[in-house]
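Reader: Could you walk me through this one? I would like to follow the reasoning as we go.

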Amino acid sequence: GAQAVNQNNTTAHGYVGSQTTVMLDGIQLQGMCGDGSTQSYSNVQNYEEIPVQTSGAGADVGGGGVRQQLISRRGGNTFSGSGSAVYADGGWQPSALTPELVARGLRQGNKIENLATYETGMGGKIVQDRLWWFAAARNQTFNNLVADTSYPDGTQGYTHEYTRNLSLRMTAQLTSKTQLTAFYDRVIKYLSHDGLQAGRDPLTAVHESIPSPNYAQWQIKLTNTLSNRLLVDLGFNHYQAHRVLRFQPGVKQEYGTAAWLASASHWDTSLGTLTRAPADGETLQAPTRRFLVGSVSYVTGSHNMKIGPQYSQGLRKLATEPYNAGLVQVYQNAVPVSVTLTNTPVRYSNSVN
């Protein structure tokens, strides 16, 4: 749970994360970042089952790595629900310090303040045998103390993080053979000190990742059982993970002013410290990925055949704002040795079809 607020990749047999495939009700659900290795943060209360395959995936999977199939809960004529609560306190964790580390100057080790996940899902009917709903919510928090970071008063540097999900799925039985589903999952993610690590000043040298109004996934899918042996699927997935990294309060200065020139980032490569400002500018990332899939399945019981097209389209827009002073000052043992100049602001985008 200590890394659940950040992207984690599932790997097997030496395949990297970009070879992992996540399927939401049979339609791929990948992000644009990390060459497709990122997926949406999902509340498991939305799913009745999550099969995982490490080999032998079908031809509808483009990657050779792990395949995760998310099978949705859809509600029904009877109202029902479930939930879970998980909490861990930092007081239950042993100290990470050893006599050897203390002898080398480390006074504070990494430590969990607390972590928790509270989630629930429930569903029922709107119209008997015709229209059902299923809704879910989750709040996942992680608060962590970071080794070898501190505030001016001596308290240890920290990261406070959370990921929240609010989702709704509607299922309509249009005819005895045709079913239509629509799903929307809103993600709210926050990191108070993004990238905080040993030697970095938590007041000035790291970013704050703020909640985005454009972090969500949604799906529309139509299924038709033409006969006992013939099944037609048509579906569309949309996943966007827009986010903003900004400086800590009071760090960003007005472009071109004396204060802006005087507040450049100080990076000491010998001492391993970063102070005064982050070593990169404020950024905006706006990745969006879409999948359109149609298929016809013929099932005899002993043999299955599936045929159909897949279309994937994605766009990842990025923007970097000017650094303080337009550069990073590089030191060795507090002696200035060089500067790294930057050409900002920068705007660019990557796309895939």
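Reader: How many bridges join strand 20 to strand 21?

Author: Happy to start there, with the note that this is a predicted model. The two strands run antiparallel. One of the pairings sets Leu327 against Leu341 in strand 21. The number of bridges joining strand 20 to strand 21 is 6.

Reader: Which strands stand at the edges of the sheet that holds this pair?

Author: The sheet is open, with 4 strands in the order 16-15-20-21 and mixed pairing. An edge strand here has a single partner, so one of its sides is left without a neighbour in the sheet. The strands in that position are strand 16 and strand 21.

Reader: And by what angle are neighbouring strands of this sheet turned against each other on average?

Author: Take the order 16-15-20-21 and compare neighbours along it. With direction ignored, the average turn is 20°.

Reader: Let's move to charges. How many salt bridges does the structure hold?

Author: Good topic! Among them are the pair Asp25 and Arg74, the pair Glu282 and Lys252, and the pair Glu321 and Arg347. The full count for the structure is 4.

Reader: How far apart in sequence are the parts that Asp25 and Arg74 tie together?

Author: The closest N and O atoms of Asp25 and Arg74 are 3.9 Å apart, and the cut-off for a salt bridge is within 4 Å, so the pair counts. Asp25 lies in the loop between strand 1 and strand 2, while Arg74 lies in the loop between strand 5 and strand 6. The parts they tie together are therefore separated in sequence by 49 residues.

Reader: Is Asp25 buried or exposed?

Author: Buried means under 20% relative accessible area. Asp25 has 9% relative accessibility, whereas its partner Arg74, at 24%, counts as partly exposed. The class for Asp25 is therefore buried.

Reader: Which residue forms a salt bridge with Glu282?

Author: Glu282 is buried, at 14% relative accessible area, in the loop between strand 16 and strand 17. Its partner sits in the loop between strand 14 and helix 2, so the pair ties together parts that are 30 residues apart in sequence. That partner counts as partly exposed at 49%, and the closest N and O atoms are 2.9 Å apart. The residue is Lys252.

Reader: What is the relative accessible area of Arg347?

Author: Arg347, in strand 22, is linked to Glu321, in the loop between strand 19 and strand 20. Their side chains meet in a salt bridge of 2.9 Å, N to O. Glu321 is partly exposed at 26%, but Arg347 is exposed, with a relative accessible area of 54%.

Reader: Now the nonpolar surface patch: which strand gives the most to it?

Author: The patch covers about 780 Å², and its residues include Leu174, Tyr184, Trp218 and Leu292. Strand 10 and strand 12 each supply at least two residues. Trp218 is found in strand 12 and counts as partly exposed at 30% relative accessibility. With 3 residues, the top contributor is strand 12.

Reader: Finally, for the chain as a whole, what share of its residues is buried?

Author: The chain has 2 helices and 22 strands, and its C-alpha atoms fill a box of roughly 80 × 45 × 40 Å along the principal axes. The accessible surface comes to about 18200 Å², with 56% belonging to carbon and sulfur atoms. Of the 353 residues, the buried share is 43%.

Notes. Residues numbered from 1 in each chain as written. Predicted model: local features only at pLDDT ≥ 70, side-chain atom pairs only at ≥ 80, totals over all residues. Heavy atoms only, no water. Buried < 20%, exposed > 50% of the residue type's maximum accessible area, 1.4 Å probe, protein only. Patch = residues over 30% accessible without salt bridge, like charges linked within 9 Å, V, L, I, M, F, W, Y side chains within 5 Å. Areas by Shrake-Rupley, 256 points an atom, 1.4 Å probe, with all protein chains shown as cover. Pairing = 2+ DSSP bridges. Axes fitted to C-alpha atoms, helices over the stretch in contact; angles between N-to-C directions.
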